[in-house]
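Here are my notes on the model, as requested. They concern one helix packing and the aromatic side chains.

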Amino acid sequence: MVVSGAGNLPVRNGRGRPRTEGLDERVLTAAREAVRERGYPATTVEQIAATAGVSKGSIYRRWPTKGVLLYDACIATTDELAAVIDSGDIEADLLAVAGLTAQGIAGADGVFTYVLADAATDPALMEMLRTRFFQPRSDAIIRRVELAVERGELRPGLDPGLVPAVLNGAQEYMRGVRGRALDEAELRELVAMAIGAHLPH
């Protein structure tokens, strides 16, 4: 799911007021370039503002912290999850959403790891991660598992709320503790661990 920033503000033509047309995209592009060139820790809002040709105040009015800005620039814009694809194959669907989570965690030059670390002391960033990254995936997984039970794809008795805890929690652990994302074979095994005992066959 493509998630953008605060949205472009109207262009002001009054004297002394800078044009804001396309400001958001200029800032997001500058942020991505800064991360590629310098890495997350060395990137500053001052550098991004200078590259984008805007003031720091203009940036902070849209993105309250560096972490929120770099989430929008490097993670949210590559997030393709709208919902778990309902292919009729619960294993394939859970593997698809687990793969999207792995891409989000592993991609963007390791930004996710730094963003997650910053979120520990940045309530606004933690709320953004919760509502725009973790919760949508969890809710989509739960809905798909509930539907699978209703259809008979999975036997009753499975707690749908625990499935995203297994799929997402394991990936967060691997990135945070082991420093890497799961590969496709490991994701398949993870899905099997989450639902294998409840498959009809």
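The points below cover a helix crossing, the aromatic pairs and a charge over a ring in this predicted model.

1. Helix α7 (residues 123–151) packs against helix α8 (residues 162–178): their axes come within 8 Å and cross at roughly 140°. The crossing is right-handed.

2. On the α7 side, the contact is made by F134, R137, S138, I141, I142 and V145. Their partners in α8 are V163, P164, L167, N168 and E172. By class, the residues of this contact are seven nonpolar, two polar and two charged.

3. There are two aromatic pairs in the structure. In one, the ring centres of Y40 and Y114 are 5.3 Å apart and the planes are at 5°, so the pair is stacked. Y40 belongs to the loop between α1 (23–38) and α2 (45–52), and Y114 to helix α6 (residues 111–119), so this pair ties together parts 74 residues apart in sequence.

4. The two tyrosines differ in accessibility: Y40 is buried, at 4% relative accessibility, whereas Y114 is partly exposed, at 38%.

5. The other pair is F112 with F134; the ring centres lie 6.0 Å apart and the planes are at 75°, so the geometry is edge-to-face. F112 is in helix α6 and F134 in helix α7, so the pair ties together parts 22 residues apart in sequence. F112 is buried, with a relative accessible area of 1%, and F134 is buried as well, at 16%. F134 is also one of the α7 residues that meet α8.

6. Y40 has a further partner: the charged end of K66 sits over the Y40 ring, 4.6 Å from its centre.

Key. Residues are numbered from 1 along each chain as its sequence is written. This is a predicted model: local features need pLDDT of at least 70, side-chain atom pairs count only at pLDDT 80 or more; totals for chains, interfaces and linings use all residues. Side-chain values use heavy atoms; hydrogens and water are left out. Axes are lines fitted to C-alpha atoms, for helices over the stretch in contact, and angles run from 0 to 180 degrees between N-to-C directions. Helices (H or I, at least four residues) and strands (E, at least two) are DSSP runs, numbered from the N terminus. A crossing is left-handed if the near helix is turned anticlockwise from the far one by less than a right angle, and right-handed if clockwise. Contact means heavy atoms within 4.5 Å. Ala, Val, Leu, Ile, Met, Phe, Trp, Tyr, Cys and Pro count as nonpolar, Asp, Glu, Lys and Arg as charged, and the others, Gly among them, as polar. Rings of Phe, Tyr and Trp (its six-membered ring) pair if their centres lie within 6.5 Å; planes under 30 degrees apart count as stacked, over 60 as edge-to-face and the rest as tilted. Buried means under 20% relative accessible area, exposed over 50%, partly exposed in between (1.4 Å probe, protein chains only). A charge sits over a ring if NZ of Lys or CZ of Arg is within 6 Å of the ring centre and within 35 degrees of the ring normal.
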